[in-house]
Amino acid sequence: MASELAFTLNVAARLALSLTLPPGMTVLVGPSGAGKSTCLLALAGLIRPDSGKIVLAGRTLFDEHIHVPPWQRRVALVFQNLALFPHMTALENVRFGIRDQHTDAHEWLARMRVAHVAARKPSTLSGGEAQRVALARALASSPALLLLDEPFSALDTALRAELAAEVRAVVTQLAIPAILVTHHREDANTLGERIVRLRDGALDA
């Protein structure tokens, strides 16, 4: 079954949203406090909505009777601060997320063009290198859904556009839905196959 995402989320005073997203990149935009990050956290299972339903690739992750824990959802979330494990090398960080024993961590580092940093720890990486390692870790987990919460915001415009375009190409190849939260208008205009605007926790017409 295609990795389509359909959800209705109600989080008290923060979010009331219903969407169906096919594979590809969706950009979620809106002012601070609009509910963008709340949406991602609910989809990832890190917060529990008050009501609603989440169905990913035909599998119910949340409804009034079901709340699948984050580690069983096949949902990868890349935070703005990347959340790389500081005591692990880049290669160990990528290996940590692998579910399929046939997945090669070296291959994902190479795919994100950071094979040369495999033995280095996050504190020694440039901003762009750390972003690529975090993305390699997320994608190596064989996700059915990729969530990106402002992961490129610390990068300059040229590097942000380059890296985001590479991620969009991988998402297209994997045929999974992805949601990118961003405040950068150029990201929304150039990267999103769909743009969803939020305001006050709801769709902004």
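# Exercises on a predicted structure

The structure holds one aromatic pair, where rings of Phe, Tyr and Trp (its six-membered ring) pair if their centres lie within 6.5 Å, and planes under 30 degrees apart count as stacked, over 60 as edge-to-face and the rest as tilted. This is a predicted model, in which local features need pLDDT of at least 70 and side-chain atom pairs count only at pLDDT 80 or more, while totals for chains, interfaces and linings use all residues. Residues are numbered from 1 along each chain as its sequence is written, and side-chain values use heavy atoms, with hydrogens and water left out.

## Exercise 1: the aromatic pair

Describe the geometry of the pair formed by Phe85 and Phe96, and state how exposed Phe85 and Phe96 are.

Step 1. A pair of aromatic rings is described by the distance of the centres and the angle of the planes. For Phe85 and Phe96 the centres are 4.7 Å apart and the planes make 65°, and the pair is edge-to-face.

Step 2. Phe85 lies in the loop between E6 and helix H2 (90-96), and Phe96 lies in helix H2, so the pair ties together parts that are 11 residues apart in sequence. Helices (H or I, at least four residues) and strands (E, at least two) are DSSP runs, numbered from the N terminus.

Step 3. Buried means under 20% relative accessible area, exposed over 50%, and partly exposed in between (1.4 Å probe, protein chains only). Phe85 counts as partly exposed because its relative accessibility is 26%, whereas Phe96 counts as exposed because its value is 55%.

## Exercise 2: the six-stranded sheet

Give the strand order of the open sheet formed by six strands, and then follow its pairings from E6 to E10.

Step 1. The order is E6-E7-E8-E3-E9-E10, and the pairing is mixed. Strand E6 (75-78) and strand E10 (202-203) are the edge strands, each of which pairs on one side only. Two strands pair if DSSP finds at least two bridges between them.

Step 2. E6 and E7 are parallel and share four bridges, and Val75 has Leu145 in E7 as its bridge partner. In a regular strand the side chains alternate between the two faces of the sheet. In E6 both faces are covered, since Val75 and Leu77 on one side and Ala76 and Val78 on the other are all buried.

Step 3. Strand E3 (residues 24-29) runs parallel to strand E8 (residues 177-181), to which five bridges join it, and Val27 stands opposite Leu180 in E8. E3 is also joined by four bridges to strand E9 (residues 194-199), again in parallel, and the bridge partner of Leu28 in E9 is Val196.

Step 4. E9 and E10 are antiparallel and share two bridges, with Leu198 partnered by Leu203 in E10. These two strands form a hairpin with two residues between them, and Asp200 in the turn has a positive phi of about 55°.

## Exercise 3: helix H4 and the residue Ser141

Work out how enclosed helix H4 is, and find the surroundings of Ser141 in the loop between helix H4 and strand E7.

Step 1. H4 has 14 residues and reaches 20 Å from its first C-alpha to its last, close to the 20 Å expected at 1.5 Å a residue; the expected span is 1.5 Å times one less than the number of residues. Because 13 of the 14 residues of H4 are buried, the helix is largely enclosed by the rest of the structure.

Step 2. Ser141 is found in the loop between helix H4 (127-140) and strand E7 (145-149), and Ser141 counts as buried because its relative accessibility is 8%.

Step 3. A polar atom of the side chain of Ser141 lies 2.6 Å from the backbone oxygen of Ala138. This fits the definition of a polar contact, which is a pair of N or O atoms within 3.5 Å; within protein, one must be able to donate a hydrogen and the other to accept it, and residues adjacent in sequence count only if both atoms are side-chain atoms.

Step 4. Not counting residues up to four places away in sequence, Ser141 touches Ala76, Gly97, Ile98 and Arg99, where contact means heavy atoms within 4.5 Å.
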